Amino acid sequence: MTDYLEQNNLKNLKNDDEVERKIQLILRVGKVLMESGADTNRIVRNMKRVGVFMKIPERRLQIHITFTTIMVNINTGDKSITNFQKCYRHGVDMTAISGISKLSWRAIEQDYSLNEFEKELRFICLRRRYYKKPLVMISAGLACGGFSLLFGGDLLAFVYTSICAMIGYWTRMKCNLLNFNSYASIAISAFVATICAYFIHFLPTQTPWHPLIACSLFIVPGIPLINAIDDLVDNFITAGMTRAMNTLLMIGSMTFGIAFAIKLCHVQDFISLSIISSNSFLVCAIASAVAAIGFATIFNMPPRLLIVVACGAVISVGVRNFLMLKCDYSQATASLIGAVIVSLLSLKAVHIVHAPSHVLTIPSVIPLIPGVFMYRLLFSIINLENVNNMSYHHVLNNGVNTTLILLAIAVGVAIPNIFFRNYINKLKEDKLIFLVKAKSKKA
């Protein structure tokens, strides 16, 4: 922040009770963002913007963030006051992220009092989610059904996958209501969804494997993975490593549930299944839009943005499929390019729809998930004791491809942060300076 914003009067920090109240409000902002799935850079940026609204000199405000704890320190000149806030619940709420961002700007523009700010912050915290649980369950099912079409499944596979995913999502909700360990809930829901998907083998479908691949993808920790990459790129190493470990634990729990179901049902390997969908571009476009809207519903995205993320998903999947089928690109390279294009488009879209870029980008790239490679790797690991020297090559190939594609998606989303972070921050800083100058002139 420039020197201009450092020149706030220290008399604003002389009242200890008011300083304590400001710290608590800043901590609440950070907690809402952390528990809603925001990356650390966004959390720090919003907390500092709230500090500017509260007329706290930036050099007097220190913020330290880990995955489970937020610390804020204010140096008043005479003393140093520090408070902590624990973050226990980690979910995804795109509406809360967008709402906090808008509130922090609005508080500066309209010169809110602390009471007005606290009232609107409380409204964001207590606001009901846009979508009721039954609708979210249906959306999760349809999202997984969309994945089955993206992987090459037929219409019956789409319907059956949707039903199995709904059952799995309902199981996870019940586990959460019973206060099960979060990783145990993931494993149980993945197990139940996969067991249900196995019975499609007794139905007249030409693609019996696709429900097994897609039925539990509603669990895939796309946002934790992308946030982990963002944090590491932005040099928030501690938070990034913790997010990465949490992502690995979620994937491990999901893998355990699926592997146990596969072993129990004696499912045969389907290593010959093609990674390229046999469905037309139109079917894939519709399926990607359905998948993106389904995940946007899970993420509690405002309804007005659903069509935006659907278009983003059509673009990302369309670019990937075109590059793979027409230009013979690898899936990792094609996925990277698709994610980058959507990320760059979102930089322009944020000024049109007035929503943070990650809110638009993440649901749009979720349909790029490499489900077939993930299951090939899973089967390779399950049957590792039976492989010969030739099969080790397939195990390594599946592992490398899965990792590269997932990293390509995450890096593609992070491209704006990698190359345009300083430029974007400069624009926001200039806007902040302009607003502060305008307020000081009025005063």
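Q: Why is tyrosine 130 called partly exposed?
A: Buried means under 20% relative accessible area, exposed means over 50%, and partly exposed is what falls in between (1.4 Å probe, protein chains only). Tyrosine 130 comes out at 42% relative accessibility, so it counts as partly exposed. Keep in mind that this is a predicted model: local features need pLDDT of at least 70, side-chain atom pairs count only at pLDDT 80 or more, and totals for chains, interfaces and linings use all residues. Residues are numbered from 1 along each chain as its sequence is written, and side-chain values use heavy atoms, leaving out hydrogens and water.

Q: And what about tyrosine 131, buried or exposed?
A: Tyrosine 131 has 10% relative accessibility, so it goes down as buried.

Q: What makes tyrosine 130 and tyrosine 131 an aromatic pair, and why is the pair called tilted?
A: Rings of Phe, Tyr and Trp (its six-membered ring) pair if their centres lie within 6.5 Å; planes under 30 degrees apart are stacked, over 60 edge-to-face, and the rest tilted. The centres of tyrosine 130 and tyrosine 131 are 6.2 Å apart and their planes make 55°, which puts the pair in the tilted group. The same rule gives a count of 9 aromatic pairs.

Q: Which residues do ring pairs link into a cluster?
A: Phe147, Phe151, Phe295 and Phe299 are the ones joined up that way.

Q: How do you know that helix α14 is largely enclosed?
A: First, the naming: helices (H or I, at least four residues) and strands (E, at least two) are DSSP runs, numbered from the N terminus. Helix α14 covers residues 357-365, and 9 of its 9 residues are buried, so the rest of the structure largely encloses this helix. Among them are His358, Leu360 and Pro363.

Q: What puts threonine 361 in the buried class, and what does this residue touch?
A: Threonine 361 sits in helix α14. The relative accessible area of threonine 361 is 2%, so this residue is buried. Contact means heavy atoms within 4.5 Å. Leaving aside residues up to four places away in sequence, threonine 361 touches Val342, Ser343, Ser346 and Val413.

Q: How do you know that β1 and β2 pair?
A: Two strands pair if DSSP finds at least two bridges between them. β1 and β2 run antiparallel and are joined by 5 bridges, one of which matches isoleucine 65 with isoleucine 70 in β2. These two strands also make a hairpin, with 3 residues between them.

Q: And how many bridges hold β2 and β3 together?
A: Strand β2 (residues 69-75) and β3 pair over 7 bridges, in the antiparallel sense. Asparagine 73 has threonine 82 in β3 as its bridge partner, while asparagine 75 has serine 80. β2 and β3 form a hairpin too, with 4 residues between them, and glycine 77 in the turn has a positive phi of about 105°.

Q: Why do β1 and β3 count as edge strands?
A: The 3 strands make an open, antiparallel sheet in the order β1-β2-β3. β1 (61-65) and β3 (80-86) each have a single partner strand, so one side of each has no neighbour in the sheet. As for β2, 5 of its 7 residues are buried, so the rest of the structure largely encloses it.

Q: Which residues make up the covered face of β3?
A: Ile81, Asn83 and Gln85 are on the covered face of β3, while Ser80, Thr82, Phe84 and Lys86 are on the uncovered one.

Q: How do you describe the way helix α7 meets helix α10?
A: Two packed helices are described by the angle and the distance between their axes. Axes are lines fitted to C-alpha atoms (for helices, over the stretch in contact), and angles run from 0 to 180 degrees between N-to-C directions. For α7 (residues 182-198) and α10 (residues 237-265), the axes come within 8 Å and cross at roughly 35°.
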